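Open the model in your viewer and set it to a cartoon with side chains hidden. The stops below are meant to be selected in turn.

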Amino acid sequence: MLGASGCTAPAGRPAAGRFFTSHEAAVVEAATARIAPGPADDPAEAGHPGAREAGVTGYVDMMLGALGALTGPSPMVFAGGPWSNRHTSGPDPMARFIALDPVTIIAWRKRLDGWRNAYRDGIATLDRLAGGDFTAAAPGEQDKILARQDVSEFTSLLFEHTIEGLYANPEYGGNRGLAGWTDIGFPGDIQPLGYTPGEVERSDGRDPMANAGIVADVLKFLGAV
Amino acid sequence: MGKAVVIGSGAGGSIAAMELARAGWEVVVFEKGPNRFSNIDGEGPIGTTFSNDDLKMGTRNFAGPDPLVFPRTWRPNATVPAQYTGAVNELPQLVGGGTVHWDAKVPRFWDIDFQQLSALGPVPRADMADWPFGYADIAPFYDEVEKLIGVQGDVHAMPAVVLRHAPRTGQFPMPPGPQQRASVAVAAGAAAVGLHAFPFPMAINSQPYNGQRACNDCGFCSGYGCPVMARPAALIPLRLALRTGRVRLVPETMVTKVQLTGSGAAARATGVSWVRMTSGGPVTGAEGADLVVLAASAIETVRLALLSSFPDASGKLGSRLMMHSFVDGTAIFLDERMHAYRGRSTTQCAEDAADPDFPGARAFAKANGLPYIRGGIMELGGSQDVLSEAQAYQTLLRFTRSGKPFGTDFKQLMRSSILRDRLAGCSLVGDDLPYLGHTVTLDPTVKDVFGLPVARITWSAGKYEQVSAQFWIPRIKQMMAKAGAAVAFAVPETINSGGLPTGSHIMGGMMMGANQATSVTDSHGRVHGLDNVYVCDGSVFVTSGAHNPTNTIMAVALRNMRHLLPM
């Protein structure tokens with residue numbers, strides 16, 4: 001629905017990627033869609049793209065697959081700069097990834113080795129807890145598995161990477177069609193345009209929101225601090 | 001003139017390199033991290049690959065150091081082993097140092113900061129002392145730094161309490177830029193509770209300056225490198241140094257030892273050893289020098305001094321480590337989006353909390369068995385970026401939705417943006433006293449990527465810091481409520497960090513002083529017992545002040561070097 005360019009296959013039929021097998025990609029797609037659901041995953045999200053639509057699986061696959069390319073011309077760790085020209089016209093230097101210095105290569109090899117192992121083991125665990133195939137479990141059952149304490153280390157990592165795949169700059173392979181930013185009304189990187197003094201100083205006007213549901217519960221929790 | 005080695009290219013090292021080169025020295029500047037800039041030694045705009053990218057900066061350590069190769073360890077006190085290995089209050093590790101990620105706030109320390117012992121008296125368990133110079137001595141160097149790097153502010157908007165404790169001879173080089181909606185809203189709350197907010201002095205160009213652009217308020221400010229180089233800071237003295245033709249900048253190279261010769265009064269440095277990583281592994285080398293300047297930031301300078309077995313007659317080398325004791329205040333607005341993502345973060349500040357005579361502070365201190373308390377400067381109106389916001393909800397959902405801490409609840413929180421677009425913050429930069437038990441030592445087991453022992457930090461907030469926070473927390477909440485917040489709360493930052501020091505303000509460890517029995521460096525930063533070794537960073541601080549430290553680091557570095565090289 002937001003364009004087919006990008007690293008992921010259409011929803012429902014994930015293909016093998018840089019790192020994931022096609023089954024592993026399907027498990028990550030199913031799990032991240034429970035963490036950040038879109039219209040197809042939760043009726044409450046009608047009109048609000050989620051992990052599936054933003055291409056989170058492709059983001060994670062691109063990141064984990066960066067290991068093989070760490071010493072190449074453009075390992076996909078640090079997007080370029082100083083801007084993308086997303087709000088202006090011109091080339092996108094952000095899409096040219098930055099070469100890594102030798103110490104940084106050592107750090108990222110270590111980091112990605114750890115994450116790759118965590119994904120291989122974590123995906124196998126989700127499958128096992130679902131009786132063989134996590135993707136075949138009903139959504140409610142998937143939620144129960146993801147909420148289990150004994151998989152929380154992996155689901156925390158999945159959640160962090162879901163966040164990145166939804167809301168990081170799209171050059172990293174997620175946030176497809178700016179789905180993540182659009183859903184929260186965030187313009188993203190704004191250089192070299194910047195903001196006018198008026199946009200900095202003035203109120204955007206009243207925008208009241210209901211103190212209800214999860215917002216109310218979080219505010220109540222914070223207010224007790 | 002001979003050859004000098006400067007270790008570090010940040011706030012202090014850049015100033016040292018500039019001064020030494022101008023006086024005719026050949027200078028080699030070693031920088032542990034990479035160079036993310038182009039055209040530093042040219043004319044006109046400096047180039048960079050910093051960008052509006054919170055993944056690159058906030059998560060992936062683009063400004064370094066990466067804790068997987070350069071970790072530190074932390075323990076709350078010396079009776080327990082280190083209980084954390086990773087990033088501990090890191091400063092950026094790259095050309096430009098801490099002036100790359102800062103949001104360039106440059107308030108001056110007060111007169112009583114430089115004479116905290118004689119002006120305010122002793123504090124139980126703290127190693128209180130005066131600096132070897134007063135505000136009047138350092139003030140001309142503040143002036144010079146402000147002109148050098150470019151600072152915006154308005155002397156006419158500054159409240160009397162600030163001008164009484166940190167008098168100025170004149171106006172700032174540039175006028176203040178646009179004031180953030182969120183900052184102004186919190187400033188209104190500040191006024192309602194008796195605080196005096198004003199435009200935060202900051203080293204950000206509100207108009208073209210030093211051949212660099214004016215800020216266009218992109219909002220990716222605190223914690224980011226500036227994509228348009230509107231706050232070049234250390235890169236300006238570095239450019240002036242390089243353009244003398246006598247300075248060589250060597251990035252991605254870590255000095256591992258200052259080579260010493262002789263003993264007693266004849267002890268001196270002969271140069272440094274270094275190591276550099278290549279694709280084939282580490283390569284080592286050495287550089288001879290007639291003068292060595294340490295400017296690697298408080299923690300790394302101490303680590304290098306320990307690795308080099310510096311003399312330590314006072315026993316204070318590595319002790320009196322100070323972090324600021326931050327208190328985080330939060331205001332959440334349900335009627336309006338405050339859009340703090342636009343503009344230079346926190347354009348307003350208030351300094352009232354640095355005043356030990358603020359109404360009620362003396363009585364509160366006395367009731368808690370202390371002679372006085374001080375908070376510090378308040379940064380008014382900031383928020384956080386999108387990835388940090390999302391991570392905060394990830395954590396909060398575990399407390400509020402333990403059965404299913406994800407899903408549409410998460411996405412509804414993101415759309416509500418109660419912790420970003422509807423948030424306006426207040427950071428209190430709390431005075432952190434010098435304690436002999438707060439130290440940098442070499443970790444006995446953890447090594448960096450080169451196999452060298454890492455810095456082990458021993459630090460926890462003391463009673464003075466905790467009592468100060470308890471005095472100011474209800475006042476911050478009142479301020480936020482008066483600003484119109486539906487929900488307001490404030491906590492010491494260490495509550496959120498599990499006790500780890502936070503805030504990236506690090507000072508002490510190489511204390512300055514006139515008496516070599518009670519200090520590590522002399523009144524101009526020269527290491528006692530080493531004729532030709534100087535320190536030009538925050539490690540020489542005697543007290544932490546109650547203000548962001550970087551311009552004071554630069555002013556002190558300038559004073560140290562100017563003394564060495566009378567012009």
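Select helix α9 of chain A, residues 213–223, in this predicted model. Show the side chains of I214(A), V215(A), V218(A) and L222(A), the buried residues of the helix. These residues span an arc of only 105° around the axis, so they sit on the same side of α9(A). In an α-helix, with 3.6 residues a turn, residues three or four places apart point the same way. Now turn to the face directed away from the buried side: A216(A), K220(A) and G223(A) are the exposed residues there.

What do the buried residues of α9(A) pack against? Add α11 (386–400), α12 (408–416) and β20 (487–492), which belong to chain B.

Stay in chain B and select strand β12, residues 291–294. L291(B) and V293(B) point one way, V292(B) and L294(B) point the other way, and all are buried. Next add strand β1 of chain B, residues 3–7, which runs parallel to β12(B) and is joined to it by four bridges. In this pairing, A4(B) is opposite L291(B). Then add strand β22 of chain B, residues 533–535, which also pairs with β12(B) in the parallel sense, over three bridges. Here Y534(B) of β22(B) is opposite V293(B).

For the last stop, select helices α7 (residues 181–192) and α13 (residues 463–482) of chain B. Their axes come within 7 Å and cross at roughly 120°, which makes α7(B) oblique to α13(B). The crossing is right-handed. Show V186(B), G189(B), A190(B) and A192(B) on α7(B), then M479(B), M480(B) and K482(B) on α13(B): these residues make the contact.

Terms used. Residues are numbered from 1 along each chain as its sequence is written. Chains are lettered from A and ligands numbered from 1 in the order in which they are written. This is a predicted model: local features need pLDDT of at least 70, side-chain atom pairs count only at pLDDT 80 or more; totals for chains, interfaces and linings use all residues. A residue is buried if 20 or more other C-beta atoms lie within 10 Å of its own, exposed if 12 or fewer, and partly exposed in between; C-beta atoms are placed from the backbone. Helices (H or I, at least four residues) and strands (E, at least two) are DSSP runs, numbered from the N terminus. The arc is that of the directions from the helix axis to the C-beta atoms. Two residues are in contact if their C-beta atoms, placed from the backbone, lie within 7 Å. Two strands pair if DSSP finds at least two bridges between them. Axes are lines fitted to C-alpha atoms, for helices over the stretch in contact, and angles run from 0 to 180 degrees between N-to-C directions. Angles under 35 degrees count as roughly parallel, over 145 as roughly antiparallel, 65 to 115 as roughly perpendicular and the rest as oblique. A crossing is left-handed if the near helix is turned anticlockwise from the far one by less than a right angle, and right-handed if clockwise.
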